[in-house]
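Let's take a walk through this protein together, one neighbourhood at a time. Have a look at the fold first, then read on.

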Amino acid sequence: MSLDFNRKIARAFTIGEIAEIAKAELSAGDLSTAEAKQEIIIGVSSLEMARPGELTFLGAPLYQEKLTSSRASACILSRRYCGSLPKHMIGLIVKDPYLAMTHVLAALYPDARTPGALFDNSGVSPSAIIHAQARLEPGVTVDAGAVIGPRAQIGAGSVIGAHTVIGADVCIGRHCNIGAHVTVMSALIGDSVIIHPGVCLGQYGYGYALSGSKFEKTPQLGRVIIQDEVEIGSNTTIDRGTLRDTIIGEGTKIDNLVQIGHNVIIGRSCAIVAQTGVAGSSEIGDFVMIGGQAAIGGHLTIGDRAQIAAKSGVMRNIPAGARVGGAPARPLRKFLRIEALLDKLTQASKAKSKTN
């Protein structure tokens, strides 16, 4: 099945055009280079599902075996895999196949980077509920069942998904896409932001004061600030601040099922993978990468360009540029040495048990 089962390719592209987009060198197979450049591509698919006339992609050795039996007309790949190209297939040789494929897909399927409206329409659905004091710029699309509260502002070109709730005084910038069943309260959202279905923004954070034998709820007075070109994955939650705003920096990409606590500040162009939790009042610098299921304790500082391995438990500040792993998190090389030593001790213990 081609990838365009619900999205049509913008138009047919020649291999020559795709090579320019990908900045690729051609391996022409049975054709001359001139003939290869004129070959037409009408779709994109995986190695095993691709048909003649379609483009495919190889980015990891795990899938190299599938390349030899693929029916695709062309493949984006690195030079190391060229020897596995079938004779009928044109190779587009690049340094970074994944990045090249990203650029090609964006050109062939220009509407695929952001989710569309539920009914492929524009304008406001008759079943949406919009408060009289809300302000929508021209070109806003509001899907069925959405609710937009008083004094909310939504910029031109933005899409509000079905059954999404936009609270009072929320501001959403231009060309944003807010998915279905999203809740946005106490938030200011910049331009070109993508929020996937089920996200909750701006709810009360986990703040309580212990009074004798019971907890008393601490009022949360801050907002959530989402800067331009942020993307937030499905069912992620980001709490509003207590006395300062929770801030997600420009260009940061957050995966599904991530929890961001109150007062957290995340810098620019960070990558935070699924099921990560960041406790309240921690500050994460620019270009930080955090693996899946990592846990960041409260009131910590993570320096610029730090990298945190999956399932790490971060309990102290991490300096800029550091790479850490494990629970508690420690320098990555030290963590790996400890894991290797534990393996050796386990094997030694098993061997000793057998001899006894």
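Val 184 stands opposite Leu 201 in β20, and that's a handy place to start in this predicted model. The pairing behind it is between β17 and strand β20, residues 200-203, which run in the parallel sense and are held by 2 bridges. Now follow Leu 201 onward: Leu 201 also stands opposite Ile 238, which sits in β25. Here β20 and β25 run parallel too, and 3 bridges join them. In a regular strand, side chains alternate between the two faces of the sheet.

Time to zoom out. How many helices and strands does the protein have? The secondary structure comes to 5 helices and 39 strands. The C-alpha atoms fill a box of roughly 80 × 75 × 35 Å, taken along the principal axes. There are 356 residues in the protein, and 44% of them count as buried.

Many of those strands come together in a sheet. In an open sheet, 11 strands line up in the order β10-β13-β16-β19-β24-β27-β30-β33-β36-β38-β39, with mixed pairing. At the edges you'll find β10 (141-142) and β39 (330-331), each pairing on one side only. Somewhere inside that order, strand β33 (residues 289-290) and strand β36 (residues 307-308) pair in the parallel sense over 2 bridges. If you want to spot that pairing, look for Met 289, which stands opposite Gln 307 in β36.

The loops deserve a visit as well. Ser 312 has its place in the loop between β36 and β37 (313-314). Is Ser 312 buried or exposed? Ser 312 is buried, because its relative accessible area is 1%, under the 20% cut-off. From there, the side chain of Ser 312 reaches the backbone oxygen of Ala 309 at 2.7 Å.

Thr 236 is another loop residue, found between β24 (231-232) and β25 (237-239). Its relative accessible area is 0%, so Thr 236 is buried. What does the side chain of Thr 236 reach? One partner is the backbone oxygen of Gly 233, at 3.3 Å. Another is the backbone nitrogen of Leu 257, which the side chain of Thr 236 reaches at 3.3 Å.

Next stop, the cysteines. How many disulfides are there? The count comes to 0. Take Cys 176: its closest cysteine sulfur is in Cys 171, and at 11 Å that is too far for a bond, because a disulfide needs the two sulfur atoms within 2.5 Å. Cys 270 is in no disulfide either, and its nearest cysteine sulfur, that of Cys 176, is 19 Å away. Cys 176 counts as buried, at 2% relative accessibility, and Cys 270 counts as buried at 2% as well.

Charged side chains tell another part of the story. A search of the whole structure finds 9 salt bridges. One of them joins Glu 48 and Lys 66, with the closest N and O atoms 3.9 Å apart. Glu 48 lies in the loop between β4 (43-44) and β5 (54-57), while Lys 66 is in helix α3 (residues 64-67), so this pair ties together parts that are 18 residues apart in sequence. Lys 66 counts as partly exposed, at 35% relative accessibility.

Another salt bridge links Glu 54 with Arg 51, and here the closest N and O atoms are 3.3 Å apart. Glu 54 is buried, with a relative accessible area of 3%, whereas Arg 51 counts as partly exposed at 42%.

Then there's Arg 174, which forms a salt bridge with Glu 137; the closest N and O atoms are 2.8 Å apart. This pair links distant parts of the chain, 37 residues apart: Arg 174 is in the loop between β15 (171-172) and β16 (177-178), and Glu 137 is in the loop between β9 (135-136) and β10. Arg 174 counts as partly exposed at 43% relative accessibility, and Glu 137 is partly exposed with a relative accessible area of 21%.

Let's finish on the surface. Ile 129, Val 147, Val 165 and Met 185 make a nonpolar surface patch of about 290 Å². Met 185 is found in the loop between β17 (183-184) and β18 (187-189). With a relative accessible area of 34%, Met 185 is partly exposed.

Conventions
Residues numbered from 1 in each chain as written. Predicted model: local features only at pLDDT ≥ 70, side-chain atom pairs only at ≥ 80, totals over all residues. Heavy atoms only, no water. Pairing = 2+ DSSP bridges. Helix = DSSP H or I, 4+ residues; strand = E, 2+ residues; numbered from the N terminus. Patch = residues over 30% accessible without salt bridge, like charges linked within 9 Å, V, L, I, M, F, W, Y side chains within 5 Å. Areas by Shrake-Rupley, 256 points an atom, 1.4 Å probe, with all protein chains shown as cover. Salt bridge = Lys/Arg side-chain N within 4 Å of Asp/Glu carboxyl O. Buried < 20%, exposed > 50% of the residue type's maximum accessible area, 1.4 Å probe, protein only. Polar contact = N/O pair within 3.5 Å; in protein donor to acceptor, adjacent residues only side chain to side chain.
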